[in-house]
Amino acid sequence: MEIPIRCFTCGAVIGDKYEEYKSLLSQGADNVLNKLGIDRYCCRRMFISHVEIAHTITKYLK
Ligand SMILES: [Zn+2]
């Protein structure tokens, strides 16, 4: 599933960064959102709360 094109809160375009975000994650890079220049927390939550990524994160919850 694709991420929304724009951030729901501020309207910044984030959809174009999603493929790069996924490929960096699969390479095991850290600070991926900083590297992509996503500074505002409203935009960051669009990535870290996305359903595909949420499955990865919830694997580590007890
Ligand atoms: Zn935003």
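This is a short chat about a predicted model with a zinc site, a buried histidine and a nonpolar core.

User: What should I know about the model before starting?
Analyst: The model is predicted, so local features need pLDDT of at least 70 and side-chain atom pairs count only at pLDDT 80 or more, while totals for chains, interfaces and linings use all residues. Residues are numbered from 1 along each chain as its sequence is written, and side-chain values use heavy atoms, with hydrogens and water left out.

User: Which residues coordinate the zinc ion?
Analyst: Cys7, Cys10, Cys42 and Cys43 do, each through SG, at 2.3 Å. Donors are N, O and S atoms within 2.8 Å of the metal (3.2 Å for Na, K and Ca); water is not among the atoms, so sites may look incomplete.

User: What spacing do the donors follow along the chain?
Analyst: The spacing is C-x2-C-x31-C-C.

User: And what geometry does the zinc site have?
Analyst: The site is tetrahedral, with angles of 97 to 116 degrees among the four donor atoms. Four donors count as tetrahedral if all angles lie between 85 and 135 degrees.

User: Is Cys7 buried or exposed?
Analyst: Cys7 counts as buried because its relative accessibility is 4%. Cys10, at 36%, counts as partly exposed. Buried means under 20% relative accessible area, exposed over 50%, and partly exposed in between (1.4 Å probe, protein chains only).

User: New topic. Where is His50?
Analyst: His50 lies in the loop between helix H3 (41–48) and helix H4 (51–58). Helices are DSSP runs (H or I, at least four residues), numbered from the N terminus. His50 is buried, at 7% relative accessibility.

User: Which side chain does His50 have a polar contact with?
Analyst: That of Tyr18, at 3.3 Å. A polar contact is a pair of N or O atoms within 3.5 Å; within protein, one must be able to donate a hydrogen and the other to accept it, and residues adjacent in sequence count only if both atoms are side-chain atoms.

User: Tyr18 is in helix H1, then. Which residues of H1 are buried?
Analyst: In H1 (residues 18–26), they are Tyr18, Tyr21 and Leu24. They cover an arc of only 125 degrees around the axis, so they are on the same side of H1. The arc is that of the directions from the helix axis to the C-beta atoms.

User: How many residues are in the largest nonpolar core?
Analyst: There are 15, and Tyr21 and Cys7 are among those touching the most other members. H3 gives the most, with four residues. Such a core is a set of buried Ala, Val, Leu, Ile, Met, Phe, Trp, Tyr and Cys residues joined through side-chain atoms within 4.5 Å.

Note on methods. Four donors count as tetrahedral if all angles lie between 85 and 135 degrees; four count as square planar and six as octahedral if opposite donors are over 155 degrees apart and all others between 65 and 115; anything else is irregular. Helices (H or I, at least four residues) and strands (E, at least two) are DSSP runs, numbered from the N terminus.
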